[in-house]
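Visitor: Please take me closely through one part of this model, the residues listed under "binding site", and then set that part among the sheets around it.

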Amino acid sequence: MDANSYQAEQQRVNRIIDQLNNKINKTKRDYQKANQELKNVQQNYVSNTSINLSETDDLMESRAEIQQQRALASRDIESASIIKKQLNTYQTLKKSPYFGRIDIQDADEDTPEKLYIGTASLIDNDQHFLIFDWRAPIASVYYNGVLGQVAYDTPAGHQSTNLKRKRQFLIRNGKIDNMFDTNETVGDKMLQYELGQKNDQVMHNIVSTIQKKQNTIIRDTDHDLLVVQGAAGSGKTSAILQRIAFLMYHSRDSLNVSQIVLFSPNRLFSHYISDVLPSLGEKNMRQVTLSEFLSYRFEGLDVQNVFDRYETENKLSDDEIAVRNFKNGLDFMKQIKNYCSNLTSDQLAFNNILFDGRIFFSKNEIHNIYRQLPMAMMPADKFLKTKNALIKLLKRRIKIEAKKDWAAKEVDSLSSTQVEQILLKAHRKFLSEDDERSFVTNKLVKERLRIVYDAIYNDDFFDPYVQYLRFLKNGVNLPKNITESAWKVANHKFNQKLELHQLLLDDAVPLLYLRNIMCGDGINHDIKYLFVDEMQDYSIAQLLYLKFAFPNAKLNLIGDSEQALFKNVENPQTALNKLKRAFNSSHAKLITLNRSYRSTYPITTFAKSLLPDGKNIQAFHRPGNVPKIIIRPNSNSAIKTLIEQINKMLKHQETVAIITKNLSETKMVYSYIRPQMKATILSNTDRSLPKGVLILPVYLAKGLEFDGVIAWDVSENNYNQSQLLGILYTIATRAMHELTLLSVGPVSSLITHSHINSHEIKIDRKLNEK
Ligand SMILES: Nc1ncnc2c1ncn2[C@@H]1O[C@H](COP(=O)(O)OP(=O)(O)OP(=O)(O)O)[C@@H](O)[C@H]1O
């Protein structure tokens, strides 16, 4: 790039920064003013709430005034927060106003127009765009187009233009560090720079280097089921986070961030990605893990979490695996739905509703109500009608109960202040003492019977656990690979766990499905977008349930079938077809990402060689050392080597993660190395990632990345089944810059049989060490 162009661009940056400074100063003044107004309103509010409220007229007047003050306060809070957001945007832009420039020429124009693209828009006083937000329709040309005629979508339809130049900038603290013209979509030079950075424990936005395919994911507005499959480190999570920012911009009048939910693999991951949206001026969406979601819905029960399940996975018998697969499949969920639709009143697991130790509404009464409803009615509608009928009955019973001795006794035991307090609620005059007493009695009985009302309202008269058990015992058509006796054992286990207030993950989702179908609860119609990251770790039953629980949400499922833990790999297209059928989706799309950005070229080359069809993965050309396999004869010498390796890595890397197959290995490794160096053991309750040496099981490393990774014990002894390939691949692909695999004894054949060439891996073997 010649010096003149550089100078001209730097001068423009300087001008923009001058404008930003002016805007920042003005916005700061506006912010102060808005805060002062808010303070005034708040002071007014305080003095209004302390005025004399004893006279009715005063009371009415000051209530109206308080309402008004409240409205003013919330308006002022809102405008102060808008100004604050604006101020943050200007301050962010000041450091790096933009990263791209496109020169475009429409057919009817004589000269090209220069447009600059940054993380947010900036408009001058004459309403000219100085910077275009990366999400603006025209900005897609920057990400998608090579020079020449290009098309882009706008709210008014398809547009085309001639892209004459594409320039990329690296601007830091107002200074252009680097700039170059490119004809590529977004050039590798810029990516090289971004990817060479050290990990600083949180994910960054990628808006300056979004790749073409990622851009398709980000800007998709046509599909109700979007499945993104991609190699480890191919930017799936990045793409969906920028997608959320895009959707917030694109549908800002109709979409609120509270209408977006992301199911994330673990809490560490939630923290890891939590800076991306705020760095783009957007609020974070709601995040939840499957375990949290289920625990919340089964309050009082201990629902097995995903991590406990991983820990028990390899201890299951073949029968248990068959039962697990069946319970996690589509057929089982279909059978539940059919079962619920065809249940007659007599087959329903109703409970008596008790009050004060006696039956208030008997099962029979409830059955009788239910029985009278048309058979063809949906179970949830029948349930609602039953509830309404019970509430009506309850109202009648209140009058009957009010005439009973217990009510009279309770009224007699009230103090005069208690009676007065009840009478105050009447807001009317009483004609006689009897009238007064009858009012108090009714109020009191109503209050006591609140417990019955709550039981009706919360569906406590229905026992989903008994119903589910009946379904398991009598309502299931077993597949051929499950014997009656294996099924009986599984049912017994379900019952046994329930007695201990425990629920296995395999039963939690089907049981919830049954309960929701029957009671019509648990369904959230407000959510418009549902994102599921690491979808390969969800069963089809779980995904189907999420679709059922969020019926109005567009589904975005993101994953990598190669990273499935304890599972065989599933072809992405097969998975999409299955999902399409299960969800009845007419607008489904599968996008695959094959280029891997996270790791250096040698690390990705090694990781992909582990996979039978890894050749489809493209490694990004970022140089680095070849991965090492170190073989030691026993645990003692392996631990000694581990400590040496950690110290070596720490010379160049800020964070070194030792990743193990499971928690017991994590604990064991930690106990050995902790006396010798500072290290952090991570568990599923941790929410943030410190720097330094970390030790964690693979399932907690999902979605994360570390400067250096040491895989603990990749021996044949530890990795001897093809189902464990996903674990090895996941561990290897967490490394950004350096990877070492340590083996106690001979290396797993999953590695030795890979297609790795000898110059692509360094082997260090000592077989006779004590
Ligand atoms: N277009 C891009 N520009 C710059 N960096 C990128 C880009 N795409 C991805 N990255 C970087 O590559 C790394 C991996 O991205 P990300 O975590 O989104 O991948 P993933 O496909 O979700 O990985 P995994 O499946 O292994 O969890 C991150 O550091 C991310 O910032």
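Guide: Leaving aside neighbours within four places in sequence, T237 is in contact with I273, D533, I558 and G703, contact meaning that the C-beta atoms of two residues, placed from the backbone, lie within 7 Å. This is a predicted model, in which local features need pLDDT of at least 70 and side-chain atom pairs count only at pLDDT 80 or more, while totals for chains, interfaces and linings use all residues. Residues are numbered from 1 along each chain as its sequence is written.

T237 is located in helix 6, where helices (H or I, at least four residues) and strands (E, at least two) are DSSP runs numbered from the N terminus. T237 counts as buried because 25 other C-beta atoms lie within 10 Å; the term requires 20 or more such atoms within 10 Å of the residue's own, whereas 12 or fewer make a residue exposed and values in between partly exposed, with C-beta atoms placed from the backbone.

G235 sits in the loop between strand 8 (225-230) and helix 6 (236-250). G235 is buried as well, with 24 other C-beta atoms within 10 Å, and, not counting residues up to four places away in sequence, G235 touches I206, Q214, L593 and Y597. Both G235 and T237 appear in the UniProt record, an unreviewed entry, which lists G230, A231, A232, G233, S234, G235, K236 and T237 for "binding site"; UniProt positions are given in the numbering used here, feature names are shortened, and annotations may be inferred rather than shown by experiment.

Strand 8 belongs to an open sheet of six strands in the order 10-9-15-16-8-17, with parallel pairing, two strands being paired if DSSP finds at least two bridges between them. Strand 10 (286-288) and strand 17 (588-593) stand at the edges, each with a single partner strand, so one side of each is left without a neighbour in the sheet. From one strand to the next the twist averages 15°, the axes being lines fitted to C-alpha atoms, for helices over the stretch in contact, and the angles running from 0 to 180 degrees between N-to-C directions. Within this sheet, strand 9 (residues 260-263) and strand 15 (residues 529-533) pair in the parallel sense over four bridges, and Y529 in strand 15 is the bridge partner of I260.

A further open sheet has seven strands in the order 22-23-21-24-25-20-26, and its pairing is parallel. Its edge strands, strand 22 (680-681) and strand 26 (762-765), each pair on one side only.
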